[in-house]
Amino acid sequence: VRCLSRGTDRYGRILGVCFTAAGVNLNSWLVRAGYAVSYYRHVGSYLPEEAEARANRRGLWSGTFELPGVFRRRK
């Protein structure tokens, strides 16, 4: 796996994209499979992949959950 930094968020956390040796974008794969949600504020977010996962009720989208940003704002 190879990861490339795309900068940091306002909390200093590294934002990046990771690829397999075969060139598969793991970020995209995780969101499309419903194992992760798109980081809406980040340029190049994975909104189409998230919409696909949601429409097909994959992973997180097979039930109900609170988006991480909503949870953090509530706490």
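The accessible surface of the protein amounts to about 5,500 Å², and carbon and sulfur atoms account for 58% of that area. The model is a predicted one, and its mean pLDDT is 90, with 93% of the residues reaching 70 or more. Confidence varies along the chain, being highest in helix α1 (residues 26-32), where the mean is 96, and lowest in helix α3 (residues 68-74), where the mean is 86. Along the principal axes, the C-alpha atoms fill a box of roughly 35 × 30 × 15 Å. Of the 75 residues in the protein, 21% are buried.

Three helices and two strands make up the secondary structure of the protein, and from the N terminus on these elements follow the order β-β-α-α-α. Among contacts between residues at least 6 apart in sequence, 25% join residues that are at least 24 apart.

Strand β1 (residues 2-8) and strand β2 (residues 14-19) run antiparallel and are joined by five bridges. Within this pairing, Arg 2 has Phe 19 of β2 as its bridge partner. The two strands form a hairpin in which five residues lie between β1 and β2, and in the turn Gly 12 adopts a positive phi of about 85°. A salt bridge joins the side chains of Asp 9 and Arg 13, with an N to O distance of 2.7 Å. The two partners of this salt bridge fall into separate accessibility classes, for Asp 9 counts as buried because its relative accessibility, 10%, lies under the 20% limit, whereas Arg 13, at 42% relative accessibility, counts as partly exposed.

Helix α1 contributes residues both to a surface patch and to contacts with other parts of the chain, as the following two residues illustrate. Leu 26, which lies in helix α1, has a relative accessible area of 23% and is therefore partly exposed. When neighbours within four places in sequence are left aside, Leu 26 is in contact with Val 1, Cys 18, Phe 19 and Thr 20; of these, Phe 19 is also the residue in β2 that is the bridge partner of Arg 2. The C-alpha atoms of Leu 26 and Arg 2 are 9.7 Å apart in space, although 24 residues separate the two in sequence. Leu 30 likewise lies in helix α1, and at 34% relative accessibility this residue counts as partly exposed. Together with Val 24, Trp 29 and Tyr 35, Leu 30 forms a nonpolar patch on the surface, the four residues having about 410 Å² of accessible area together.

A search of the whole structure finds six salt bridges, among them the Asp 9 and Arg 13 pair described above. Another of these interactions links Glu 50 to Arg 54, whose closest N and O atoms are 3.4 Å apart. Both residues lie in helix α2 (residues 47-55), where they are four residues apart, or about one turn of the helix. Glu 50 has a relative accessible area of 3% and is therefore buried, while Arg 54, with a relative accessibility of 42%, counts as partly exposed. In this respect the pair resembles Asp 9 and Arg 13, in that a buried acidic residue, Asp 9 in one case and Glu 50 in the other, meets a partly exposed arginine, Arg 13 or Arg 54.

Glu 52 forms a salt bridge with Arg 58, and the closest N and O atoms of this pair are 3.0 Å apart. Here both partners are partly exposed, with relative accessible areas of 29% for Glu 52 and 28% for Arg 58. The interaction belongs to a wider arrangement, in which salt bridges that share partners join Arg 32, Glu 49, Glu 52 and Arg 58 into one network.

How values were computed: Residues are numbered from 1 along each chain as its sequence is written. This is a predicted model: local features need pLDDT of at least 70, side-chain atom pairs count only at pLDDT 80 or more; totals for chains, interfaces and linings use all residues. Side-chain values use heavy atoms; hydrogens and water are left out. Two strands pair if DSSP finds at least two bridges between them. pLDDT is the predictor's confidence in each residue, from 0 to 100. Patches are made of residues with over 30% relative accessible area and no salt bridge: like charges are joined within 9 Å, nonpolar side chains (Val, Leu, Ile, Met, Phe, Trp, Tyr) within 5 Å. Accessible areas come from the Shrake-Rupley method with a 1.4 Å probe; for residues, only the protein chains shown count as cover. Buried means under 20% relative accessible area, exposed over 50%, partly exposed in between (1.4 Å probe, protein chains only). Contact means heavy atoms within 4.5 Å.
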